[in-house]
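Trainee: I'm new to this one, so could we walk through it together? I'd like to begin with a single residue and work outwards.

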Amino acid sequence: MTTPVLICDDSGFARRQLARSIPDGWDVDITFAGNGEEALSLIRQGKGDVMFLDLNMPVMDGYQTMKAIRQDDLPCLVIVVSGDVQPEARERMLGLGALEFIRKPIDNSKLMSLLSQYGIYNGDADASGRKQSVSARQGQSSDKLDIYRELVNVAMGRAGESLARLLGEFVDLPIPNVNLIESNELHMAIAEINRNERVSAVSKGFVSAGIKGEALVIFNDTNTRSMAEMLGYSFKGEGSEHTNQLSLEALMDVSNILIGACLNALSDQLNVNFSHTQPILLGRDRGLEVLLSDNISRWSKVMAVEIAYAIKRHDISFDLLLLFPDDAMEKIYTRLVDLEEEAI
């Protein structure tokens, strides 16, 4: 008997990857949805007895979709597949009725074991995933930004998970903002941030296999003491110099966690090992301009990835900015496509 399977993810690249992970022996009819609103309509049409659901999507995200499925008592078994694997995210989705919560990028053997465990698929749990005939090279004519965005989405989730465990708080994750822009446009964008005297930033460079870039974490200075307190630093009985030092340590600790986890996730997906420079605390105002003048002005085009993290319970927000020159972008794309073709 054919099982209607629905894959709901805003990334076409992610949908294609997950479809190829479906076991060969499972008789399924696969349908795709780009957001939760589309998914709910398809479930009501009988096209989603089993759904693989992403969390961070436009229009209607995974949380909203799961709530609607529960409220309307829709006949659908939901397995969450997400880059955001924070313990609280998992608990929230399981509490709403999701069957299980697994990490991106998907592990084929773990997926098949999970399907067998719940009686959804009773074939060989050690079999390889479904090999679709569509070559990854079709991406030459598809939207490269979608591929970059999914790459960053997984890395963003890994970094958010690490920060959440460090701080003991739930970190709200956005849909990454990925843009290909001219280098001079980036100068203008940074200049807007630089006008605010209450901004600090930590920078770290990275390189491997011809793929290079800069990672910056940009903080509003009014947040630094709150972050230091969340990290357990004590300000009692100390002067302003001690307070400033602890705030600085908080900036460096949070930056190292975010950048390190993000780059590790990128390394895993690209199958490379990045070499990191030492993190540098940039000065306010002109510090960001100096960084761009020294390292980015020679780049003609830049892929700028902005990730706006937030800890809403403490009114804290900060940005992780990943910058890749145009030649690195092409190497990233080629490497991802080659790795995808190897999996077919």
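Trainee: Which residues does Ile280 touch, not counting residues up to four places away in sequence?

Mentor: Keep in mind that this is a predicted model. Ile280 is found in strand β10, and Ser203 of β7 stands opposite Ile280. Leaving out residues up to four places away in sequence, Ile280 touches Ala201, Val202 and Ser203.

Trainee: Does Ile280 count as buried, partly exposed or exposed?

Mentor: Check the relative accessibility, which is 48% for Ile280. Buried means under 20% and exposed means over 50%, with partly exposed in between. With 48%, Ile280 therefore counts as partly exposed.

Trainee: How far apart in space are Ile280 and Leu216, C-alpha to C-alpha?

Mentor: In sequence, Ile280 and Leu216 are 64 residues apart. In space, going from C-alpha to C-alpha, the distance between Ile280 and Leu216 is 9.4 Å.

Trainee: Let's move to strand β7. How many of its residues are buried?

Mentor: Strand β7 covers residues 199-208, which gives it 10 residues. The strand is mostly covered, and the number of buried residues in β7 is nine.

Trainee: Which strand is joined to β7 by 10 bridges?

Mentor: Start from Val202, which stands opposite Val217. The partner strand spans residues 211-220 and runs antiparallel to β7. The strand joined to β7 by those 10 bridges is β8.

Trainee: And which residue in the turn of that β7 and β8 hairpin has a positive phi?

Mentor: The hairpin has two residues between β7 and β8. One residue in the turn has a phi of about 50°, and that residue is Ala209.

Trainee: How many bridges does β7 have with β10, and how many with β9?

Mentor: Take β10 (residues 280-282) to begin with: β7 pairs with β10 in the antiparallel sense over three bridges. Strand β9 (residues 275-276) also pairs with β7 in the antiparallel sense, and Val207 stands opposite Ser275 there. So the counts are three for β10 and two for β9.

Trainee: Now the helices. Are α3 and α4 roughly parallel or roughly antiparallel?

Mentor: Helix α3 (residues 62-71) and helix α4 (residues 87-95) have axes 9 Å apart and pack at an angle of about 20°. Angles under 35 degrees count as roughly parallel. The answer for α3 and α4 is therefore roughly parallel.

Trainee: Which residues in α4 do the α3 residues meet?

Mentor: α3 passes α4 in a left-handed crossing. On the α3 side you'll find Gly62, Tyr63, Met66 and Arg70. On the α4 side, the residues they meet are Ala89, Arg92, Met93 and Gly95.

Trainee: How many residues of that contact of α3 with α4 are charged?

Mentor: The residues of the contact divide into three groups. Four are nonpolar and two are polar, and the number of charged residues is two.

Trainee: Is the crossing of α2 and α3 left-handed or right-handed?

Mentor: Helix α2 covers residues 36-44, and its axis comes within 9 Å of that of α3, crossing at roughly 25°. α2 and α3 are therefore roughly parallel to each other. As for the hand, the crossing of α2 and α3 is right-handed.

Trainee: Which residues in α3 take part in that contact with α2?

Mentor: From α2 come Gly36, Leu40 and Ile43. In α3, the residues they meet are Thr65, Ala68 and Ile69.

Definitions and conventions
Residues are numbered from 1 along each chain as its sequence is written. This is a predicted model: local features need pLDDT of at least 70, side-chain atom pairs count only at pLDDT 80 or more; totals for chains, interfaces and linings use all residues. Side-chain values use heavy atoms; hydrogens and water are left out. Axes are lines fitted to C-alpha atoms, for helices over the stretch in contact, and angles run from 0 to 180 degrees between N-to-C directions. Helices (H or I, at least four residues) and strands (E, at least two) are DSSP runs, numbered from the N terminus. Angles under 35 degrees count as roughly parallel, over 145 as roughly antiparallel, 65 to 115 as roughly perpendicular and the rest as oblique. A crossing is left-handed if the near helix is turned anticlockwise from the far one by less than a right angle, and right-handed if clockwise. Contact means heavy atoms within 4.5 Å. Ala, Val, Leu, Ile, Met, Phe, Trp, Tyr, Cys and Pro count as nonpolar, Asp, Glu, Lys and Arg as charged, and the others, Gly among them, as polar. Buried means under 20% relative accessible area, exposed over 50%, partly exposed in between (1.4 Å probe, protein chains only). Two strands pair if DSSP finds at least two bridges between them.
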